[in-house]
Amino acid sequence: MSSLFGNFFANWDRYRKSIEDPGYRDYENMWAMAIDLGSCIGCNACSTACYAENNLATVGEDRFLARQSMGWMRVERYWDEPSLGASDPDSQERGGSFLPMMCQQCNAAPCEPVCPVGATYNNEGGLNAQIYNRCIGSRYCANNCPYRVRYFNFYSYDKDAWPAPLNRQLNPDISVRDKGVMEKCTFCIQRIRAAKDDAAREGRALRDGDVTTACQQTCPTQAIVFGDLQDPESRVRKAWDAHQVRLGTTEQKKTNPALRGYRVFEELNTESCVIYLERVRDTDV
């Protein structure tokens, strides 16, 4: 039987690997996303689909104003040219930007080390996963998330959010979380598991396009691309490569400054797996 020190030194090189290698983990996949803000029209179809797919409760106006909403995905609006003013007829075309914001599935997630019971962890697909049965609702993870994309169940929504016959619309592939539990976007992990099971039954490897998240599926402008970064032929990998965005850095060094890809809060070294492509504007029109 090998000793503790024997194991330590035998695996020292593995532990010392940088995150570009990719770190000490052996990932099966590295699920990632690319969102083109030039195509996003802020219609909120993505967040609506997320509600339906993941059994998210609509909390009502009062609870929403009390910051108790449960939407895992929100569409933020920014004004790039605030001098135009909201009443300017060109403000929507030239001033408004929409940015879908969900869990960024960080490889160095600040929410993970602060959980006192280890309810959130980095799984084999590079996802920031959540164990609902272990969560005690300390909310330390939400306080440590720079993206503010974790949501706490203040109430037992399963008892009154879907009165009959609305309860029949619930997705049977995912549970309804109870009071006192923290939750967030999972990149539709139930769809990932189903696609993996299908591929295993057919005796083949998972292919690009086998997994489609609910937000990606419903986007009318196809602004969202999802896939495995470890697959060099996947659409998401090609999008990352085309805009020279890579993991394992806090500053993207591009040979062409006109490339649009960036990660939110890159400088925090959270190693997020979501890139955004800046909106292209023609301000001379």
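Select Ala-34 and then its bridge partner in E8, Val-225. This is a predicted model. The bridge belongs to the antiparallel pairing of E1 and E8, which runs over 5 bridges.

**The mixed sheet**

Widen the selection to the sheet around that bridge. 4 strands form an open sheet in the order E8-E1-E10-E9, with mixed pairing. Look at the edges, where E8 and E9 (261–262) stand. Each has a single partner strand, so one side of each is left without a neighbour in the sheet.

**Helix H9**

Now select residues 235–242, helix H9. Which residues of H9 are buried? They are Val-236, Ala-239 and Trp-240. These cover an arc of only 100 degrees around the axis, which puts them on the same side of H9. An α-helix has 3.6 residues a turn, so residues three or four places apart point the same way.

Show what that side of the helix touches. The buried residues of H9 pack against strands E1 (31–36), E8 (224–228) and E10 (274–277). Then step just past the end of H9 to Gln-244. Its phi is positive, at about 55 degrees.

**The nonpolar cores**

Next, colour the largest nonpolar core, which has 52 residues. Those with the most contacts inside it are Met-33, Ile-35, Trp-72, Met-102, Phe-187 and Tyr-276. Several elements each supply at least two residues of this core, among them E1, E3, E8 and E10. Helices H3 (45–53), H6 (140–144) and H7 (189–201) do so too, as does strand E6 (151–152).

Centre on Ile-35. What does Ile-35 contact, leaving aside its neighbours within four places in sequence? Pro-100 and Met-102 are on the list. So are Ala-223 and Ile-224. The run Val-274, Ile-275, Tyr-276 and Leu-277 completes the set.

A second, separate core has 14 residues. Pick out Tyr-27, Ala-32, Trp-240 and Val-245, which are included in this second core. Trp-240 is already familiar as one of the buried residues of H9.

**Strand E3**

Move to residues 96–101, strand E3. Is E3 enclosed or open? 6 of its 6 residues are buried, so E3 is largely enclosed by the rest of the structure. The cut-off for buried is under 20% relative accessible area. Check both faces: Gly-96, Phe-98 and Pro-100 lie on one side, and Ser-97, Leu-99 and Met-101 on the other.

Add E2 (residues 74–79) to the view. E2 and E3 pair in the antiparallel sense over 6 bridges. To find one of these bridges, select Glu-76 and its partner Leu-99 in E3.

**Backbone stops in the loops**

Three loop residues finish the tour.

- Asn-55: look in the loop between H3 and H4 (61–65). Phi is near 55 degrees, a positive value in a residue other than glycine. At 4% relative accessibility, Asn-55 counts as buried.
- Pro-165: go to the loop between E6 and E7 (182–183). A cis peptide bond joins Ala-164 to Pro-165, with omega at about 5 degrees.
- Cys-188: select the loop between E7 and H7. Phi is positive here, at about 50 degrees, although Cys-188 is not a glycine. Cys-188 is buried, with a relative accessible area of 7%.

Note on methods
Residues are numbered from 1 along each chain as its sequence is written. This is a predicted model: local features need pLDDT of at least 70, side-chain atom pairs count only at pLDDT 80 or more; totals for chains, interfaces and linings use all residues. Side-chain values use heavy atoms; hydrogens and water are left out. Buried means under 20% relative accessible area, exposed over 50%, partly exposed in between (1.4 Å probe, protein chains only). Two strands pair if DSSP finds at least two bridges between them. The arc is that of the directions from the helix axis to the C-beta atoms. Contact means heavy atoms within 4.5 Å. A nonpolar core is a set of buried Ala, Val, Leu, Ile, Met, Phe, Trp, Tyr and Cys residues joined through side-chain atoms within 4.5 Å.
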